[in-house]
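Me: I have a chain open on the screen and would like to go through it piece by piece. Please keep the answers short and end each on what I asked for.

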Amino acid sequence: MILTLQRQPSYKSATFGSWSIDGEWFCHTLEDEIREIPGQPVSAWKVHGKTAIPAGRYRITLEYSPKFGPDTITVHDVDGFVGVRVHGGNTVADTEGCPLVGSMIDREACRISGAQAAGVLRDLKAKIRAGLNRGDVWLDVVNP
């Protein structure tokens, strides 16, 4: 299974995007600002807790998180980042470098919503669980 997070250009320190599963749109995303400088090490551009993860391909699993509980969507081997999880939230203050998912965005207010209420997070976990039962699940993060 291939998940794709296609980012839009950062706006007001936030980065909106779209999440697709095997090429089919699934939900909206919100992340911190893209600060990545291609060819430079993460340590040269990362601002702790306020930076989107680098573009690339990452392995996805469902794991227990002390903060988010069982079956937390976990992004592995992100250079310069630790504990990257995909979860619900509303603003970049909720991200700390992690992608947030939801069903609605308000670009002017830099908000995302509907992760829990619309069942987005629950449905995403179910799709990932099914993908893991068939093999590996990968996330492609694509900068604008």
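Me: Which residues of α2 are buried?
Reply: This is a predicted model, and burial here is computed from it. Buried means under 20% relative accessible area. In α2, the residues that count as buried are Val120, Leu121, Leu124, Lys125, Ile128 and Gly131.

Me: What arc do they cover around the axis of α2?
Reply: An α-helix has 3.6 residues a turn, so residues three or four places apart point the same way. The buried residues of α2 lie on the same side of the helix because their arc around the axis is only 125°.

Me: Which exposed residues does the face turned away from the buried side of α2 carry?
Reply: Exposed means over 50% relative accessible area. On the face of α2 turned away from the buried side, the exposed residues are Arg122, Asn133 and Arg134.

Me: How far does α2 reach from its first C-alpha to its last?
Reply: The helix takes in residues 120-134, which makes 15 residues. At 1.5 Å a residue, 21 Å is expected. The reach in the model is close to that, at 21 Å.

Me: Which residue follows α2, and what is the sign of its phi?
Reply: The phi of the residue after α2 is near 155°. That residue is Gly135, and the sign is positive.

Me: How many salt bridges are there?
Reply: The rule asks for a side-chain nitrogen of Lys or Arg within 4 Å of a carboxyl oxygen of Asp or Glu. By this rule the count is six.

Me: With which residue does Arg7 form a salt bridge?
Reply: The closest N and O atoms of the pair are 2.8 Å apart. Arg7 sits in strand β1 and its partner in strand β3, 24 residues apart. The partner of Arg7 is Glu31.

Me: Are Arg7 and Glu31 buried or exposed?
Reply: The cut-off for buried is under 20% relative accessible area. Arg7 has 2% relative accessibility and so counts as buried. Glu31, at 0%, also counts as buried.

Me: How far apart in sequence are the parts tied together by Glu108 and Lys12?
Reply: The side chains of Glu108 and Lys12 meet in a salt bridge at 3.5 Å, N to O. Glu108 lies in the loop between β8 and β9, and Lys12 in the loop between β1 and β2, so the parts tied together are apart by 96 residues.

Me: Which strands does the salt bridge of Asp140 and Arg57 link?
Reply: The two side chains meet at 2.6 Å, N to O. Asp140 counts as buried at 17% relative accessibility, while Arg57 is partly exposed at 48%. The residues are 83 apart in sequence, and the strands are β10 for Asp140 and β4 for Arg57.

Me: Which residue in β3 stands opposite Thr15?
Reply: β2 and β3 pair in the antiparallel sense over eight bridges. Their hairpin has two residues between the strands, and Asp22 in that hairpin takes a positive phi near 50°. The residue opposite Thr15 is Glu31.

Me: Which residue in β7 stands opposite His28?
Reply: β3 and β7 run antiparallel and are joined by three bridges. Opposite His28 stands Gly102.

Me: Which residues does His87 touch, not counting those up to four places away in sequence?
Reply: His87 is found in the loop between β6 and β7. At 5% relative accessibility, His87 counts as buried. The residues touched are Phe68, Asp94, Thr95, Cys98, Pro99, Leu100, Val101 and Leu121.

Methods
Residues numbered from 1 in each chain as written. Predicted model: local features only at pLDDT ≥ 70, side-chain atom pairs only at ≥ 80, totals over all residues. Heavy atoms only, no water. Helix = DSSP H or I, 4+ residues; strand = E, 2+ residues; numbered from the N terminus. Expected span 1.5 Å × (residues − 1). Buried < 20%, exposed > 50% of the residue type's maximum accessible area, 1.4 Å probe, protein only. Arc of directions from axis to C-beta. Pairing = 2+ DSSP bridges. Contact = heavy atoms within 4.5 Å.
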